[in-house]
Amino acid sequence: MVDFLKQVSEVVPSKRQLQWFDTGFYAFIHFGMNTFTDREWGDGTEDESLFAPKALDCEQWAKTVKEAGMKGMILTAKHHDGFCLWPSKYTEHCVKNAPCKRDVVKEAADACRKYGLRFGVYLSPWDRNNASYGSPAYNDYYCHQLEELLTGYGELFCVWFDGACGEGPNGKKQEYDFDRYIALIRKYQPNAVIFFEQGPDIRWCGNEAGKVRVSEWAVIPSEIGKRAKVQTGPGPLSTEGTLAHIHNTDRNLGMLASILYSKGLTFLPAEVDTSIRPGWFWHEKEEPKSVETLFRIYVGSVGGNTCLNLNIPPNRDGLLDERDIQRLRELRDTLDHEFGSPLLAVIEKRPDAYPSQPEYVVKLTKSVSEVKYVELREEIEKGQRVEAFKIEAMTPQGSRFPLYQGTTIGNRKICMLTDPFAEQNRLEEKKPASPATSLLVRVTAARGEVSLKEIVVY
Ligand code: FUL
């Protein structure tokens, strides 16, 4: 069992996964035929003449994304309706036959470069327009299109596939040749992460509502990763209740874990993809989510060992909607207000603690009542190890009282000690300040030796 735990604790991320973790918060742009037909899924019969944005300006997208503090953008180069936002050599169903003949992929890629954003593409494998869909020839078609995108638009940070596999125009379903698609991406864009439900670099968190698991592990059994039809909530994918129990007495769960892990382990972190609005595409009547909801999604995802891919859909003019821009400004203001100025703190690692259960004393110049958030980061390059931790307040005399209890940390864990949107905050402001001026961060269970690379207090 000890060997097994060692093995689990030594599964490390790739360079491209680390770069993706650093990207952290980026935009999804759903734009295409559906924008003009007011639908979420087109059926592939839409006439190219419908694609006619009047004031298309990808720089407006990039500027907004940059100002919101995001670091990248992923564009729907082709959605399920098959219409391509670039002039593809391999189909007539694309911008070259539309009133707007511009290469939207190129304009978006250039705008990203201008604003210092990383750029990625979403090429839907499901294609309801292409006649070859449902036959091996479609895999050739898809690879040709991938090749156009992989070679014509500079460096990509992400190639995003969704799992939808419905019927094509002739009623047939397609067997996707993912191995071939992946090989092509690796050949031309070795630094790009590939998003798919089951990896290979990042996996779906299992819902489109912006929710993460309580324990969002990046190290998961390869076998589970391959058939990750996961739902919201703590599913087996999180390995909650499996590995954690190996240390404990529950033999059945220990057995289950060794079976699950018998096919090996993989580093496969989750991405949270959600839309600022109810739909993925722009619909006049839809309104953006509240700043409170977006803030909670941000803290849960970026601060929950995942990255946040937030969709903002351009409208029929080809511009981001002013309502969404305003909401992103509010979100940025809230994030700056809450995380803009960390508190001064001196951090000391206690010398006598076990390597797998380190303890850190965080000395503040203020009372702990002032602390709203504690951000913890593991040295994820060495693997993800922390299974449980506690944060306590400590007085100069050494009395302690609990403030927060958590499970996984991973790349970044943001622990919210006071809720900025809760009414009770205003009432609590009147309470006397706590005499405690230190925090004690204690890792209470881990898969191996732990070293936190950052503790930041806000
Ligand atoms: C899903 C698609 O079916 C939705 O339309 C959207 O593009 C979402 C991000 O992925 O699989």
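Gly304 sits in the loop that joins helix 11 to strand 10 of this predicted model. With a relative accessible area of 10%, Gly304 counts as buried, because the cut-off for a buried residue is under 20%. Beyond residues up to four places away in sequence, Gly304 touches Glu216, Val299 and Arg412. A further pairing links distant parts of the chain: Gly304 and Asn411 are separated by 107 residues in sequence, yet their C-alpha atoms are 8.0 Å apart in space.

Arg412, one of the residues that Gly304 touches, leads on to Glu375. Glu375 belongs to strand 13, which covers residues 373-378. Its relative accessible area is 6%, and Glu375 is therefore buried. Two polar contacts involve the side chain of Glu375: one with the side chain of Arg412 at 2.6 Å, and one with the side chain of Tyr458 at 3.1 Å. When neighbours within four places in sequence are left aside, the residues in contact with Glu375 are Arg412, Lys413, Ile414, Glu454, Ile455, Val456 and Tyr458.

Strand 13 is also one of the elements against which the buried residues of helix 12 pack. Helix 12 comprises 18 residues, 322-339, and spans 25 Å from its first C-alpha to its last, close to the 26 Å expected at 1.5 Å a residue. At its N-terminal end, Asp321 acts as a cap, with a side-chain oxygen 2.7 Å from the backbone nitrogen of Arg323. The buried residues of this helix include the charged names Asp324, Arg327, Arg332 and Glu338, and among the others are Ile325, Leu328, Leu331 and Phe339. Besides strand 13, the partners of the buried residues are strand 1 (25-29), helix 4 (58-67), helix 11 (291-301), strand 10 (307-311) and strand 16 (413-416). Helix 11 and strand 10 are the two elements whose connecting loop holds Gly304.

The remaining site to consider is that of the ligand. Around the ligand stand Phe28, His30, Trp41, His79, His80, Tyr122, Trp160, Asp162, Glu208, Asp273 and Trp280. By class, this shell is made up of five nonpolar, three polar and three charged residues. Several side chains place polar atoms beside oxygen atoms of the ligand. An N or O atom in the side chain of His79 is 2.9 Å from a ligand oxygen. For Trp41, a polar side-chain atom lies 3.1 Å from an oxygen atom of the ligand, and for Asp162 the corresponding distance is 3.1 Å. The ligand taken alone exposes 290 Å², of which the protein buries 91%.

Notes:
Residues are numbered from 1 along each chain as its sequence is written. This is a predicted model: local features need pLDDT of at least 70, side-chain atom pairs count only at pLDDT 80 or more; totals for chains, interfaces and linings use all residues. Side-chain values use heavy atoms; hydrogens and water are left out. A residue is near a molecule or strand if one of its heavy atoms lies within 4 Å of it. A polar contact is a pair of N or O atoms within 3.5 Å; within protein, one must be able to donate a hydrogen and the other to accept it, and residues adjacent in sequence count only if both atoms are side-chain atoms. Accessible areas come from the Shrake-Rupley method with a 1.4 Å probe; for residues, only the protein chains shown count as cover. Helices (H or I, at least four residues) and strands (E, at least two) are DSSP runs, numbered from the N terminus. Buried means under 20% relative accessible area, exposed over 50%, partly exposed in between (1.4 Å probe, protein chains only). Contact means heavy atoms within 4.5 Å. The expected span of a helix is 1.5 Å times one less than its number of residues.
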